[in-house]
Amino acid sequence: ARLEDLIRGSVLHAEEMKGDERYFCDVCGGKRDAVRQASVSRPPKVLQLTLLRFCGGNKKICSSVIFSEHLSLPLEEAA
């Protein structure tokens, strides 16, 4: 897997907040469906990444992660 693809898939993806995960609205006092998404507006001078190498059920992910010395930010979410 490429580092850029892992960042897009785990950090920058849009997450639908529905059901029990809905946001509380301060205006109406109720829970509302929403979309939550992180973004990088300005790249930091130093970026420290921690790769979670486990998936559900404590199964270890043994695939290699390919990365270069330089990472161009911001990355856009994969369409």
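These are my notebook entries on the pockets, one residue of a lining, and the cysteines of this structure.

**Ground rules.** I am working from a predicted model, in which local features need pLDDT of at least 70 and side-chain atom pairs count only at pLDDT 80 or more, while totals for chains, interfaces and linings use all residues. I number residues from 1 along each chain as its sequence is written, and side-chain values use heavy atoms, with hydrogens and water left out.

**Pockets.** I looked up open sets of points on a 1 Å grid over the protein atoms alone, where a 1.4 Å probe fits and protein lies on both sides within 12 Å along at least five of seven lines; lining residues have an atom within 4 Å of a point. The largest pocket has a volume (the space filled by probe spheres set on the points) of about 280 Å³, and its lining includes Leu3, Ser10, Arg53 and Ile61. For the second largest pocket I noted about 230 Å³ and a lining of 15 residues, with Leu3, Leu47, Leu49, Glu69 and Leu71 nearest its centre.

**Ile61.** I found Ile61 partly exposed (between 20% and 50% relative accessible area, 1.4 Å probe, protein chains only), its value being 30%. Leaving aside neighbours within four places in sequence, Ile61 is in contact (heavy atoms within 4.5 Å) with Leu52, Arg53, Phe54 and Cys55.

**Cysteines.** Why do Cys25 and Cys28 not form a bond? Their sulfur atoms are 3.6 Å apart, which is too far for a bond, because a disulfide needs a pair of cysteine sulfur atoms within 2.5 Å. By this rule I count zero disulfides. Cys25 is partly exposed at 22%, and Cys28 is partly exposed at 42%.
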